[in-house]
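This briefing goes with the sequence and structure shown below. It covers overall shape, surface and charge, one helix, and one residue of a second chain.

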There are 2 protein chains.
Amino acid sequence: MYTIGEVSKMFHLPISTLRYYDQQGLFPMITRKSGIRIFSDTEIEALRVIECLKKSGLEIKDIKSFMQWCIEGAASYQRRLELFQKQKKTVEEEIIQMQKVLDMLKFKCWYYETALKDGSEKNLKFLPNDLMPAEIKKAYFHSHEK
Amino acid sequence: MYTIGEVSKMFHLPISTLRYYDQQGLFPMITRKSGIRIFSDTEIEALRVIECLKKSGLEIKDIKSFMQWCIEGAASYQRRLELFQKQKKTVEEEIIQMQKVLDMLKFKCWYYETALKDGSEKNLKFLPNDLMPAEIKKAYFHSHEK
DNA sequence: ATATAACATAAACCTAACTTTAGGTCAAGT
DNA sequence: ACTTGACCTAAAGTTAGGTTTATGTTATAT
């Protein structure tokens, strides 16, 4: 059992954010003692799920729906599973996108390292050519494909 | 040489977004013919960099700064390199975060698949135990660590 | 010539996710 | 009793990144 201040420190989240989440219905089972919120294991696990679903791109209002489904019990297992499957797919695609972004950044790092050495990017303008290291060439084409 | 409508289709970006980017100073070298924007290879490559830097978490105003540096020539190679190095590190960390998120989602998928089979999550509440498949256990601990 | 499609601007509007403000309550220590 | 720190609410404010609206201009096809 934790106070809002303790949870704030545990998750490195401002107290105002936790109150905002509660207001948005993200802790539908939270209890209070003379007005003060008591965060139990339920809310702690909820917060882990909130962080996960947020990073997977889900909006607050859809996380609220999920939290409501949790109250419904076994009747919503299918819906909850489908949500996690959808977010899993989203994140898998997101990671593939980020690998491409990373390859573009690797190429640009190489580009400016070379420009700095050469004192000019004039030679680099005639790329891609055989002077490009194999790894950089791969990163370049990966990041520019489709 | 392309019109705004052609670029919009090429990048699957609304025309309004391209005009907004221009207004924010993301195409400092763009030319016009009787008021109409002409997108050349410079702006096409700029757009690729914009998408990359945006996905790496950079704000529009910082992308604007970068575009200004590009005009300065060799004097800004160092700064440009440092920016790409910083964003590369950011994205590498971001991908690691996303792997954790993915592991949480994998665990939750397994959890609800099992709950559906069992018709109840009662047995799952006593986890982690030896009934958890090795792969799921790994995902669970990875996503809950630190 | 004229219709229409694609371009232009400035300014207002929008949304999500918070954050801040102003004012008040509660619990613990001195 | 009283101060202090941690909690509370409702409502207004903030920020980023666009989008929409209203109005006007330019290019192209018939």
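A residue is called buried when its relative accessible area is under 20%, exposed when that value is over 50%, and partly exposed in between. The model is a predicted one. In helix 1 of chain A, which spans residues 4-11, the buried residues are A:Ile4, A:Val7, A:Ser8 and A:Phe11. These residues lie on the same side of helix 1 of chain A, because the arc they cover around the axis is only 105°.

**Fold and dimensions of chain A**

- Chain A contains six helices and two strands.
- Their order along the sequence is α-α-β-β-α-α-α-α.
- The radius of gyration of chain A is 24 Å, whereas a compact globule of 146 residues would have a value near 15 Å.
- Along the principal axes, the C-alpha atoms of chain A fill a box of roughly 70 × 35 × 20 Å.
- Counting contacts in chain A between residues at least 6 apart in sequence, 50% join residues at least 24 apart.

**Burial, surface and charge of chain A**

- Chain A has 146 residues, of which 43% count as buried.
- About 8,500 Å² of chain A is exposed, and 53% of that area comes from carbon and sulfur atoms.
- Chain A carries 24 positive and 20 negative charges, and the mean positions of the two sets are 3 Å apart.

**Surroundings of helix 1 in chain A**

- Which elements of chain A help to cover the buried residues of helix 1? They include helix 2 (15-23), strand 2 (36-38) and helix 3 (41-55) of chain A.
- A:His12 comes just after helix 1 of chain A and takes a positive phi of about 50°.

**B:Gln85**

- B:Gln85 sits in helix 5 of chain B, which runs over residues 77-118.
- Is B:Gln85 buried or partly exposed? B:Gln85 counts as partly exposed, because its relative accessibility is 36% and the partly exposed class lies between the 20% and 50% cut-offs.
- Apart from neighbours within four places in sequence, B:Gln85 is in contact with A:Cys109 and A:Glu113.
- B:Gln85 and B:Ile4 are 81 residues apart along the chain, and their C-alpha atoms are separated by 31 Å.

Key. Residues are numbered from 1 along each chain as its sequence is written. Chains are lettered from A and ligands numbered from 1 in the order in which they are written. This is a predicted model: local features need pLDDT of at least 70, side-chain atom pairs count only at pLDDT 80 or more; totals for chains, interfaces and linings use all residues. Side-chain values use heavy atoms; hydrogens and water are left out. Helices (H or I, at least four residues) and strands (E, at least two) are DSSP runs, numbered from the N terminus. The radius of gyration is taken over C-alpha atoms; the globule rule is 2.2 Å times the number of residues to the power 0.38. Buried means under 20% relative accessible area, exposed over 50%, partly exposed in between (1.4 Å probe, protein chains only). Contact means heavy atoms within 4.5 Å. Accessible areas come from the Shrake-Rupley method with a 1.4 Å probe; for residues, only the protein chains shown count as cover. Lys and Arg count as positive and Asp and Glu as negative; His and the chain ends are not counted. The place of a charge is taken as NZ of Lys, CZ of Arg, CG of Asp or CD of Glu. The arc is that of the directions from the helix axis to the C-beta atoms.
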